Each structure stands twice: as structure tokens, then as C-alpha cells.
Amino acid sequence: MFIGKSGAILLGFPDTTQDADLYVDRNLTNGRALVAAVRDLGFDLTDEQAGEIERGKDFVQLKNGPFDLDLVFAPDGIERFEDAWSRHIDVEDFPVCHIDDIIASKEAAGRARDRESLPRLRAFRDYWVQHQREKRP
């Protein structure tokens, strides 16, 4: 699932980002499939990176491909992948974390750049929730 600012952008958040952030379910089968998938996308993985992905290291940052990619197996502020998956939104066939999970993760991470973006993300959430209500029949 897309998470972080890239996830928020897919939901309509008007901003930019330098990378894509994916929240990945941690299991060996998934890790092996992910290694194959990112290699198919053009990433030149080292053996060490492939092993970290297969093991589901909490955070793996890839800068050796067509774009920067952060693989997050244990995001701050989200306890279980299954819980986040139950709340995810599909945006043109891309699974995206719910805006509440994106915000919770940024709040829990506590980085300065996240604290700076939180007021705008919260305002966007209010807009997004209202827009979702208006779309319902």
C-alpha cells in the first residue's frame, strides 16, 4: 500500500514528493515477490538489499532504480498491516493507506518535516472526508 506523502498525493493531497513510500506486509513469500518486482521495475538491488527486503527489515530505502523507493515493513503509528489494509482505499487500482493512517504514521515518526506537514495533512483530511461523504448516493 502507498503510505506517506506519496499515499496522500494519490488521495488528492496537493503537494510533491521525491520518492514513493510503500507499506508492505512482512512475510517471506511477499518479500521474495517484492524483490522480483522491484528488479523488474529496473532497480539494481544488491544482495544485501534483497536479503533485507526478503526478511522484512523495518525500513529499506532504494535509490538505485528509476525513482527513489522506501519500503516500510513497520511504519511508526500503525500496529498491524491487516488493520491498515482493512481501512485502505483503492485509487485507480493502487492500494493506498487511509489518510488517518498516513497522519498517524507521520505523528508517531515525529520528524521535523513531518510535524511541518501535519497541519496541511489534517486540513486535507477534513476536505477529503467531506468529499467522500458527498460522493455517496
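Author: Before we start, one term: the radius of gyration here is taken over C-alpha atoms, and the rule for a globule is 2.2 Å times the number of residues to the power 0.38. Keep in mind that this is a predicted model.

Reader: OK, so what radius of gyration does the chain have, next to that of a compact globule?

Author: Put 137 residues into the rule and a compact globule comes out near 14 Å. The C-alpha trace spans about 45 × 35 × 30 Å along its principal axes. The chain's own radius agrees with the rule, because it is 15 Å.

Reader: How many helices and strands are there in the chain?

Author: Try walking along the sequence: the pattern goes β-α-β-α-α-β-β-α-β-β-α-α. Tally up the letters and you get six helices and six strands.

Reader: Of contacts between residues at least 6 apart in sequence, what percentage join residues at least 24 apart?

Author: Here you start with contacts between residues at least 6 apart in sequence, then ask which of them join residues at least 24 apart. The share that does so is 51%.

Reader: Let's look at helices. Are α1 and α5 roughly parallel or antiparallel to each other?

Author: Helix α1 covers residues 4-11 and helix α5 covers residues 99-109, and their axes sit 10 Å apart at an angle of about 155°. Angles over 145 degrees count as roughly antiparallel. So the word for α1 and α5 is roughly antiparallel.

Reader: Which residues of α5 does α1 meet?

Author: On the α1 side, the residues involved are G4, K5, G7, A8 and L11. The residues of this contact divide into four nonpolar, two polar and two charged. Over in α5, the partners are I99, I102 and K106.

Reader: And α5 with α6, which handedness does the crossing have?

Author: Helix α6 takes in residues 112-135, and its axis comes within 10 Å of the α5 axis, crossing at roughly 165°. That angle is over the 145 degree cut-off, so α5 and α6 are roughly antiparallel too. As for handedness, the crossing of α5 and α6 is left-handed.

Reader: How many nonpolar, polar and charged residues does the contact of α5 with α6 have?

Author: From α5 come I99, D100, I103, K106, E107 and A109, while α6 brings D114, S117, L118, L121, R122, F124, R125 and W128. Sorted by type, they give seven nonpolar, one polar and six charged.

Reader: Is K106 buried or exposed?

Author: K106 is found in helix α5. Leaving out residues up to four places away in sequence, K106 touches G4, K5, R111, D114, S117, L118 and L121. Its relative accessible area is 10%, and under 20% is the cut-off, so K106 counts as buried.

Reader: What about E92 and D93, where do they lie?

Author: Neither one is a glycine, yet E92 has a positive phi near 50° and D93 has a positive phi of about 70°. E92 is exposed at a relative accessible area of 72%, and D93 is exposed at 75%. Both E92 and D93 lie in the loop between β5 and β6.

Reader: One more: which residues does L41 touch, not counting residues up to four places away in sequence?

Author: L41 has its place in the loop between α2 and α3. Its C-alpha is separated by 19 Å from that of F59, which is 18 residues apart along the chain. The residues L41 touches are P66 and F67.

Note on methods:
Residues numbered from 1 in each chain as written. Predicted model: local features only at pLDDT ≥ 70, side-chain atom pairs only at ≥ 80, totals over all residues. Heavy atoms only, no water. Axes fitted to C-alpha atoms, helices over the stretch in contact; angles between N-to-C directions. Helix = DSSP H or I, 4+ residues; strand = E, 2+ residues; numbered from the N terminus. Parallel < 35°, antiparallel > 145°, perpendicular 65-115°, else oblique. Contact = heavy atoms within 4.5 Å. Nonpolar A, V, L, I, M, F, W, Y, C, P; charged D, E, K, R; others polar. Buried < 20%, exposed > 50% of the residue type's maximum accessible area, 1.4 Å probe, protein only. Left-handed = near helix turned anticlockwise from the far one by under 90°.
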